[in-house]
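Okay, thanks for making time, everyone. I'd like to walk through some charged pairs and then one helix contact. Let me put the structure up.

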Amino acid sequence: MADKGRSHRPFAVVLAGGGARGYAHAGVLRALEHHGFFPSAIVGVSMGAIVGATYAARDDWFDALLAVDLSGFPHPVLLEAGTGGVGPTVRHAVELVETAWNMVVGWGAPDSVVESARAALRTLLGDTDLEGGRVPVTVCATELRTGARVQLRSGPAREAVYASAALAGLFPPAERDGMLLADGAYTDVAPVDVAHAMGVPVVVAVDPGDNPGLPEIHNGLQALLQAMEILQMRHSDLRIGEADFVLRPVFSHPIDVLDFGERRRCAAAGVRIVRGHLGELRTLLEDHGT
């Protein structure tokens, strides 16, 4: 039985970046609701922005996130490139060469991939505005020219979260108010200070970035991407400690940032981490005024 009648202190949730592992955010929010904890505000980065905005925009947010068509996204390359037989190796080589060429003459991914991403956001968020949801949502993006962190709180939700999640070299940056915006994780993977500034007494951060290490690294591309993962995780460690409580979903095996076929496994990891810390969350969030 969901404990939806429970009274608790207002709290904000910070949903950090993490690619496909960010589906753990959906599991965390689902489990929090089940136990009667409803966030008063959400701050999201990258996949965290997509999950947070969808949560605020629609009642069927969880089912919508799990059902959205992501088949047009690029094939994961971190875990599989260089590890399979001739077929997978050739397929990955063709994809990588095409993407590399498009990075020179354009922005990276083929137009079909970009349109697939935008179509997924239209399906999830439709014409809703970021400020029109049931919970205030702030999404963070990076201004590529200046390196500044940009906070978005209004306007079309799908455009804001696209800006927050646009991986440089893969998706074209979003142009907004004279700015060139890309993935918010480049400047701040876990903007806990933004949540604190919203005036809520408690900030709970969710960090899905702790991916088990690769058992083997077979090529330079894997080495580069793994190094980027390490950089992001260390950055997250420095920032996310500013929260009042941190939830770190545990994954049983490495999950590529683009492996959205693992979305249900990631969501389940989010549910498990809430269950494992339910006593601490109740202590933290219980209403001391009643």
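So, first a caveat: this is a predicted model. Please keep that in mind for every distance I quote.

Let's start with E159. Is it buried, exposed or something in between? With 34% relative accessibility, E159 comes out as partly exposed, since that class runs between the 20% and 50% cut-offs. Its partner is R118, and the two side chains form a salt bridge at 3.6 Å, N to O. What I like here is that the pair links distant parts of the chain: E159 sits in helix α6, residues 157–165, while R118 belongs to helix α5, residues 111–125, and they are 41 residues apart. R118 is partly exposed too, at 26% relative accessible area.

How many salt bridges are there in total? The count is 11, and I'll pick out two others.

Next one, then: D188 with R149. The closest N and O atoms are 2.8 Å apart. D188 is in the loop between β6 (179–183) and α7 (192–196), whereas R149 is in strand β4, residues 149–152, so this salt bridge ties together parts that lie 39 residues apart in sequence. Now look at the accessibility. D188 is buried, at 3%, because anything under 20% falls in that class. R149, on the other hand, has 28% and is partly exposed. And the pair isn't on its own: R149, D188 and D193 are linked in a network of salt bridges.

The other pair is R265 and E262, with closest N and O atoms 2.7 Å apart. Here E262 is buried, with a relative accessible area of 16%, and R265 is partly exposed at 45%.

Okay, back to α6, from a helix-packing angle this time. Helix α2, residues 47–57, packs with α6 at about 160°, and the axes are 8 Å apart. Why call that roughly antiparallel? Because the label applies to angles over 145 degrees, so α2 and α6 qualify. The crossing of these two helices is right-handed.

And which residues make the contact? On the α2 side you have A49, I50 and A53, and on the α6 side V161, S164 and A165. Sorted by type, the contact between α2 and α6 has 5 nonpolar residues, 1 polar and no charged.

So that's α6 from two sides: E159 in α6 pairs with R118 in a salt bridge, and the contact of α2 with α6 has no charged residues. Happy to rotate the view if anyone wants another look.

Methods
Residues are numbered from 1 along each chain as its sequence is written. This is a predicted model: local features need pLDDT of at least 70, side-chain atom pairs count only at pLDDT 80 or more; totals for chains, interfaces and linings use all residues. Side-chain values use heavy atoms; hydrogens and water are left out. A salt bridge is a side-chain nitrogen of Lys or Arg within 4 Å of a carboxyl oxygen of Asp or Glu. Helices (H or I, at least four residues) and strands (E, at least two) are DSSP runs, numbered from the N terminus. Buried means under 20% relative accessible area, exposed over 50%, partly exposed in between (1.4 Å probe, protein chains only). Axes are lines fitted to C-alpha atoms, for helices over the stretch in contact, and angles run from 0 to 180 degrees between N-to-C directions. Angles under 35 degrees count as roughly parallel, over 145 as roughly antiparallel, 65 to 115 as roughly perpendicular and the rest as oblique. A crossing is left-handed if the near helix is turned anticlockwise from the far one by less than a right angle, and right-handed if clockwise. Contact means heavy atoms within 4.5 Å. Ala, Val, Leu, Ile, Met, Phe, Trp, Tyr, Cys and Pro count as nonpolar, Asp, Glu, Lys and Arg as charged, and the others, Gly among them, as polar.
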